[in-house]
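Here are some exercises to help you find your way around a new structure. Keep the sequence and the 3D view open, try each task, then read the solution.

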Amino acid sequence: MEHKKILSARDVEIQFSLRGKKLTAIRKCSLDLYEGETLAIVGESGSGKSVFTKSFLGMLDANGSVTGGSIQYDGVDLATYKTEKEWMTIRGKKISMVMQDPMTSLNPLKKVGKQIQESIEINQGIRGAEAKKKAIQMLEKVGIPDPERRYNQYPHEFSGGMRQRVVIAIAVACRPQILICDEPTTALDVTIQAQILALIRALQKELGMTVIYITHDLGVVANVADRVAVMYAGQIVEYGLVEEIFYDPWHPYTWALLSALPQLGEKGEPLPTIEGTPPNLFQEIKGDAFAPRNKQALEIDFVEEPPFFEVSKTHKAKTWYLDPRAPKIEQPKSIRQLREKTRGRMSDART
């Protein structure tokens with residue numbers, strides 16, 4: 001990828017204090033983000049996707065903090081930021097976030113237009129009539145009909161899909177360089193979901209943004225992403241171009257996620273599930289965190305954490321399967337089926 005690197009997270013560790021105990025939610029996580037790309041971060045609930053990206057804009061809960069590593073962005077290390085004053089130079093202006101539930105993101109007692117206007121006033125230093133005009137333009141830009149009238153309405157007067165458009169308007173009002181979308185379509189039905197994804201894609205093109213999608217929905221990933229990072233138990237375990245992750249994945253957790261895709265189901269057969277549960281992050285994890293749930297785990301998986309092995313220049317996986325000394329392990333049949341079923345469809349979907 002010839003694009004410029006705009007954010008570089010290295011060995012990030014994030015801990016939370018809970019009832020006197022320490023929970024390590026993110027364990028030495030590294031990630032590069034490139035200008036103009038769409039990166040999807042996938043993994044089951046609790047894998048650390050939201051926590052990791054919230055650390056890019058100072059939105060961790062009060063009992064959580066970055067306890068190791070660095071997040072280099074725009075010449076500064078965001079991991080060293082402690083005060084709200086410091087974060088106000090980044091949040092909204094340069095890095096913005098769209099949350100999954102628009103009802104909790106919007107103030108129910110405040111007119112929708114005013115909420116967009118506030119974001120413009122805080123981050124752009126524009127006031128009064130000019131800020132109001134910009135807010136109405138933003139409502140129009142995100143596809144809300146009759147924006148002058150809608151400006152004066154409250155969140156409960158909008159449908160779920162329209163509320164999510166308002167949340168997007170607030171997030172992009174200040175033309176951030178990076179837009180983080182945290183499960184932006186979870187609460188919406190499928191037709192509205194497609195419209196919201198198309199809207200984000202159109203805004204990304206128009207405003208030249210880099211977009212991070214956080215999702216557990218691999219269907220969304222296939223439609224929107226250029227690159228994919230797979231997270232498990234607070235670590236990125238595999239990353240690559242979207243085609244590489246779908247057609248040639250190598251981490252056993254990525255295999256398990258893809259094998260559970262509904263479109264791979266056979267009629268009359270139960271859908272495959274990932275047996276077992278993720279590890280307890282209060283405890284130190286030895287070896288490969290996924291090993292206890294992996295029927296084909298190697299002995300070394302329980303003893304030593306694997307490094308990243310290169311599958312291609314753009315694709316790396318953190319698994320001992322790729323070590324030249326490892327026994328030859330074939331990709332599961334379901335992955336080969338997925339390759340046959342979806343080849344060609346993904347590139348069509350994203351054009």
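**Exercise 1. Work out how the lining of the largest pocket in this predicted model divides into nonpolar, polar and charged residues, and find which elements supply it.**

Solution.
- Step 1: start with the total. The largest pocket has 22 lining residues, and its space comes to about 610 Å³.
- Step 2: sort them by class. Eleven are nonpolar, eight are polar and three are charged.
- Step 3: go to the centre. M97, S105, S119, I170 and A171 are the lining residues nearest to it.
- Step 4: look for the elements behind the lining. Strand 6, helix 3 (102-105), helix 4 (112-124) and helix 7 each give at least two residues. Helix 4 has the largest share, with five residues.

**Exercise 2. Do the same for the second largest pocket: which residues lie nearest its centre, and how does its lining divide by class?**

Solution.
- Step 1: this pocket holds about 410 Å³ of space, and 16 residues line it.
- Step 2: pick out the ones nearest the centre, which are A256, T273, R293, N294 and K295.
- Step 3: count by class. You should get nine nonpolar, four polar and three charged residues.

**Exercise 3. Now for enclosed space: how many cavities of 30 Å³ or more are there, and which residues line the largest cavity?**

Solution.
- Step 1: the count is one cavity at that cut-off. The largest cavity has a volume of about 50 Å³.
- Step 2: trace its wall. The lining is made of R27, Y232, Q235, V237, H251, G287, D288, A289, F290, E305, P306 and K318.
- Step 3: group those residues by class, which gives five nonpolar, three polar and four charged.

**Exercise 4. Put the strands of the eight-stranded sheet in order, and explain why strand 6 and strand 11 each have one side without a neighbour in the sheet.**

Solution.
- Step 1: walk across the sheet. The order is 6-7-8-3-9-10-12-11, the sheet is open, and the pairing is mixed.
- Step 2: check the two ends. Strand 6 (95-98) and strand 11 (309-312) are at the edges with a single partner strand each, so one side of each has no neighbour in the sheet.
- Step 3: add the twist, which averages 20° from one strand to the next.
- Step 4: zoom in on one pair. Strand 9 (residues 227-232) and strand 10 (residues 235-241) are antiparallel, with six bridges. As an example, V230 has E238 of strand 10 as its bridge partner.
- Step 5: see what packs on the sheet. Helix 7 (residues 160-172) touches strand 6 and strand 7 (178-182), and its direction is at about 175° to that of strand 6. Helix 11 (residues 252-259) lies across strand 3 (38-42), strand 9 and strand 10, at about 105° to strand 9.

**Exercise 5. Take the four-stranded sheet: what is its strand order, and which residues stand opposite each other in its pairs?**

Solution.
- Step 1: the order is 2-1-4-5, in an open sheet with antiparallel pairing. Strand 2 (21-34) and strand 5 (76-77) are the edge strands, each pairing on one side only.
- Step 2: follow strand 1 (residues 5-18) along strand 4 (residues 64-73), where eight bridges join the two. S8 is opposite Q72, while Q15 has S65 as its bridge partner.
- Step 3: move on to strand 5, which pairs with strand 4 over two bridges. Here Q72 is opposite D77.
- Step 4: inspect the turn. Strand 4 and strand 5 make a hairpin with two residues between them, and D74 in that turn has a positive phi of about 55°.

**Exercise 6. Which residues does UniProt give for its domain feature, and how much helix and strand does that stretch contain?**

Solution.
- Step 1: the UniProt record, an unreviewed entry, places "domain: ABC transporter" at residues 9-258.
- Step 2: over residues 9-258 the chain is 39% helix and 28% strand. The C-alpha atoms at its ends are 26 Å apart.

Notes
Residues numbered from 1 in each chain as written. Predicted model: local features only at pLDDT ≥ 70, side-chain atom pairs only at ≥ 80, totals over all residues. Heavy atoms only, no water. Pairing = 2+ DSSP bridges. Axes fitted to C-alpha atoms, helices over the stretch in contact; angles between N-to-C directions. Contact = heavy atoms within 4.5 Å. UniProt positions renumbered as here; feature names shortened; annotations may be inferred. 1 Å grid on protein atoms, 1.4 Å probe; cavity = no way out; pocket = protein on both sides within 12 Å on 5 of 7 lines; lining within 4 Å. Points joined across faces, edges and corners; volume = space filled by probe spheres on them. Nonpolar A, V, L, I, M, F, W, Y, C, P; charged D, E, K, R; others polar.
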